[in-house]
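Me: I am new to this structure and would like to begin with a close look at one small part before moving outward to the rest. Please take it slowly and connect each step to the next.

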Amino acid sequence: MISGTLVFGTSIAYVILLFILAYISDKNARLGKGKLLRSPLVFTLALSVYCTSWTFYGAVGSAARNGLEFFAIYLGPTLVFIGWWFGLRKLIRIGHKQRITSIADFVSSRFGKSERLAILITIMAVVGITPYIALQLKAISTSLRVILTDSPNAALPQTGDEVGLAFGVAAAMALFSVMFGTRNINANEQHHGVVAAIAFEAIIKFIALIAVGLFVVFGLGGGFEATYARAEDVGVALDASSNFGPRWITITILSAAAIICLPRQFQITVVENANENHLRTASWAFPLYLFGISIFTMPIAIMGLSLLPAGADPDMFVLTLPLAYDQQALALFAFIGGFSSATSMIIIASIALSIMISNHIVVPLALRSPKLFGLKQGQGMTRLLLTSRRVSISAVLFLGFIYFWLTSGSGALAPIGLISFAGVAQFLPAILAALYWRDATVSGALAGLLVGFIFWAYTSFLPSFGTASPFITDLLLYGPWQMEFLRPQVLFGLENMDPLVHSVFWSLLANSLALIVVSFLTQNNTVGQLQAAQFVDVFKQTENSQYSFTRSSAPLNDLLNMTQRVLGTEHAGRLFATYSNSDRIEQNKDASPHFIANLEKELAGSIGAASAHVLLGQVVSGDTVTLEEVMQMADETQQILEYSQRLEQTATELQSTTRQLQAANNQLRQLDQQKDEFLSQVSHEVRTPMTAIRSFSEILLTNKDLDSQQKQSFINTIHEESMRLTSLLDEILDLNALERGEQLWTNEPIDPNKAIARSIQVCTPITEQHQVEVRLGEHIRHVQVEANFDRICQVFINLISNAAKYNNAAKPFVEITSEITKMSDKPDQLTIRFTDNGPGISSAHSNTIFDKFWRGARNPDTAQSGSGLGLAISREILSQMNGSLELDVPKGGKAGMGACFAVRLPVHM
Amino acid sequence: MMASGSPDILIVEDEPAILTSLEFILQHAGWKTHSVTDGEAAIKSVQAGQPKIVVLDLMLPRRNGFEVLKVIRRQPATKELPVLILTAKGQQQDKQTARELGASDFITKPYANTDVVEAVANLIGQPPKAVPAP
């Protein structure tokens, strides 16, 4: 027996603590502080709003009555979080993008922002959740009575006091939820404070249950093994065959659906979520939490059955076990834990439901008849929204109380919760279609939900009142108007089935069939198709790929007025300042479709997508466009894109042509310059011998008295210079032909050594004149190269005579060597080197020596001079033999000492 | 000056045949000549031999005709020395450059012998002994 003062005092202190926590959290969140608030940990803990007093008290009761069945309640969510996290991520992504405010908003937004759908889901959710609220009221009032009276026989029929107590609890909870959930001025913001309080409650209930569990198992049962050993004695079946069946599977499916479809779970998972990456942590941490909180359920049930007197309410074992063993502090802690479970559920569920009621029922009504709701021009809807939410919260709790009152005879907690689960599971087909089936239509969704709801209400919800009304008892036994095939729990003659499995089977089957069949028979309107794409392909869209296929336009002024009505003057002003970048709104200026689309989203964040859409429809003229027009617009856009792509391509081509032309032009200019230089050089080369010829002929003409020796010498000079002129002209023509690439000869296998011998012989007069020794050094003896004999001789003669002509060494020589170089990708090469001990060629000239008309410093002692084309011609000749001519470093010698020319020719294989 | 044995004309030409012809026609006109075949030698000879005129080819080994001309014009002693440019490069550009650098006259190869003799006579203000008939 714990004194009422202590129990109430502790409860009130606990509530105050929650308030302080929420207040600080809200304040921190507003200041941008409180990183912990937006951490994955808080998100995960808040998710455990799933664990209500049903988990805290009822799971033990369920374990005591039905063995391991309770475990399925945790298995479903675990499977979803581990196996379907990507689906949850899609939900969250859509929720953030579309500024979704509730599960009703989600479904209605997907299906063409349908108001009817939003209203239907809201009603379904309220009806479906009512038993669940009642469950919490029942748990709190029962636990209160147990802890105050210390009576283990808490399951005995209630007195009128019990109803009064429940009403008191309901009223307190309503007050509590109103204070928590509607403190915020801005209705559309996230409830950081509430979430923080819920996370805190998650910790409290977890620790409380673990504390009781530890006490029971180790304080009373003597460890897990000893505890489980009592299972058989007390009649708890732990073997698989008696636990796993259709009912177990059904409950697993229901709990999996519930973790997605329960309005409070949707509120936490999607609406209150700060970052979709939190799901990573939650996907393992939440299942872990569930595992931890369920680990002592069965032991407590076993020990309760074993130690407490027969007839004790198993739903209250968590409290009665510590009380029976005089652990009053633990019992009080356990009570607070149960209180936590119940309050967190009630707060979030009532907030979620109140948002749905005010956004989808009150706001549409207020928009149609503002006077009825006392709305004045220019006054924001904020006050109306808050009021309607407060009233809604109270109404939801009152409904819960009514349900509790009417069904107060039906004992256990778990079956009540399962009725709710079956109810909200009706949302599942529509949600899955929203996420994955683009062709699902609004009519399909409406039909599915309505049919599922009716089936659920008839086979599950209605029968739960069985004991309260003789009419319903009759209905259950004989069917309506004595039509037995319509009996709610044996529908269409489906007998011998667990009522829950029966109800879930029929309702979900009918629901899905209706959704699919009607979707195939109907078509989405434009908004519906666009929204379908936004939902189904949410991951394919970029950050701001938001359609603005509204051809619509509206004066900014009207839009501002309307926005002020909903969000209040201040907030609206801020929005318009952000969007139009100007404080002043011009009276008649039209807003852009993009602006209108953004505004709609902003409004949707406050009053839901459907209401926002309707609201804008009143102001915006031109409505939405038809699908054909959207397609046409898309086509035009596509054409414009293609056209601009073609333009771009043409421009690119032009640019590249210009570049090519420029390059060609540069090349031409270079060639022209080269031609000029060449002409100038040719002219110089021609003028030089011409000068001598002309001058000497004039001398011969004018000076008749020259002695014959002089005369002979001058005539010789004239002749020599004429020859030089002839060979110069020959070489110019030759080089020209070579450079033009004319095929002047064909290459054939020849013996290079023969060509060398021949060249040395031809050069004998020059080498003898200059007293240059020609040495044949180390060379390859038996080899053939691809070349032309006469032409290669021309090259060799040029090189030998150059080496002779410019060699001023004391003992001049020129040495000829050859070697073979192996080539990997082409025929082997024969390299023939002509090395002399002359002045050499400075590195500065190593490249220019092959230029036309380049000449080294001539040996002043001699009149011998070439045209300056020899090396250029030689190089051309070799290139046409697929060989090369290069200035080389003499083998074994060092650069700068004499010149070394390397001739490379392909070896004939 | 005859007394010191200094030549009247310094010929700078690297083509042996042309050099021979120049020596012949200028000596035949009664002048003393001295010949060099490259730019370096030309500069030395101008300073050492104090000729009355330089007959200068442009395409020369070591230092080309323009460089030689520049050096001649830079030295105070040879600043006023007449320089006759003989070149096989017939371009207008070269004439322009030669004029700018202070060449006294410019003859393009191949030349008429009489033109060279006349130009030299003009520049040194001393008629040839025997003007060769055209």
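Between which helix and which strand of chain B is B:Gly30 found?

Reply: This is a predicted model, and what follows should be read with that in mind. B:Gly30 is found in the loop that runs between helix H1 (16-28) and strand S2 (33-36) of chain B. With a relative accessibility of 32%, B:Gly30 counts as partly exposed, because partly exposed covers what lies between under 20%, which is buried, and over 50%, which is exposed. Once its neighbours within four places in sequence are left aside, B:Gly30 is in contact with B:Asp8 and B:Lys129. B:Asp8 is 22 residues away from B:Gly30 in sequence, while their C-alpha atoms are 9.5 Å apart in space.

The chain around this loop can be described next. Chain B has five helices and five strands, and, read along the sequence, they follow the pattern β-α-β-α-β-α-β-α-β-α. Of the 134 residues in chain B, 51% are buried. When contacts in chain B between residues at least 6 apart in sequence are considered, 60% of them join residues at least 24 apart.

Another loop of chain B, the one between strand S5 (105-108) and helix H5 (113-124), is the place of B:Pro110. The peptide bond that joins B:Lys109 and B:Pro110 is cis, with omega at about -10°. As background, most residues other than glycine have a negative phi, and most peptide bonds are trans.

That background also serves for two loop residues of chain A. A:Asp326, placed in the loop between H17 and H18 of chain A, has a phi near 60°, which is a positive value in a residue other than glycine. Its relative accessibility is 61%, so A:Asp326 counts as exposed. A:Gln771, in the loop between helix H32 (752-769) and strand S4 (773-776) of chain A, is not a glycine either, yet has a positive phi of about 55°. At 66% relative accessibility, A:Gln771 likewise counts as exposed.

A:Asp326 comes just after H17(A), and that helix is worth following in its own right. Seven of the eight residues of H17(A) are buried, so this helix is largely enclosed by the rest of the structure. The buried residues are A:Phe317, A:Val318, A:Leu319, A:Thr320, A:Leu321, A:Pro322 and A:Leu323. Their cover includes helix H3 (53-66), H7, helix H9 (192-221), helix H16 (297-307) and H18 of chain A.

One of these covering helices, H7, can be examined pair by pair with H17. The axes of helix H7 (residues 115-149) and helix H17 (residues 317-324), both of chain A, come within 10 Å and cross at roughly 5°. H7(A) and H17(A) are therefore roughly parallel to each other. On the H7(A) side, A:Ser143, A:Val146 and A:Ile147 take part, and they meet A:Leu319, A:Thr320 and A:Leu323 of H17(A). Sorted by class, this contact of H7(A) with H17(A) has four nonpolar, two polar and no charged residues.

From here the view can widen to the nonpolar cores. The largest nonpolar core has 172 residues, and those with the most contacts inside it are A:Phe106, A:Ile260, A:Phe421, A:Phe427 and A:Ile431. Helix H18 (residues 328-368) of chain A gives the most to this core, with 20 residues. The core also draws at least three residues from each of domain 1 (4-434) and domain 2 (440-523) of chain A. Apart from residues up to four places away in sequence, A:Phe427 touches A:Ile103, A:Ile121, A:Met124, A:Ala125, A:Cys261 and A:Leu449. There is a second, separate core of 38 residues, and among its members are A:Leu735, A:Ala755, A:Cys793 and A:Ile816.

A last loop residue can be set beside B:Gly30. A:Asn273 is found in the loop between helix H14 (263-271) and helix H15 (278-294) of chain A. Its relative accessible area is 1%, so A:Asn273 is buried, whereas B:Gly30 counts as partly exposed. Leaving aside neighbours within four places in sequence, A:Asn273 is in contact with A:Phe43, A:Ile92, A:His96, A:Gln190, A:Ile268 and A:His278. A:Asn273 and A:Pro40 are 233 residues apart in sequence, and their C-alpha atoms are 9.3 Å apart in space.

How values were computed. Residues numbered from 1 in each chain as written. Chains lettered and ligands numbered in written order. Predicted model: local features only at pLDDT ≥ 70, side-chain atom pairs only at ≥ 80, totals over all residues. Heavy atoms only, no water. Axes fitted to C-alpha atoms, helices over the stretch in contact; angles between N-to-C directions. Helix = DSSP H or I, 4+ residues; strand = E, 2+ residues; numbered from the N terminus. Parallel < 35°, antiparallel > 145°, perpendicular 65-115°, else oblique. Contact = heavy atoms within 4.5 Å. Nonpolar A, V, L, I, M, F, W, Y, C, P; charged D, E, K, R; others polar. Core = buried A, V, L, I, M, F, W, Y, C linked by side-chain atoms within 4.5 Å. Buried < 20%, exposed > 50% of the residue type's maximum accessible area, 1.4 Å probe, protein only. Domains from an automatic or database assignment.
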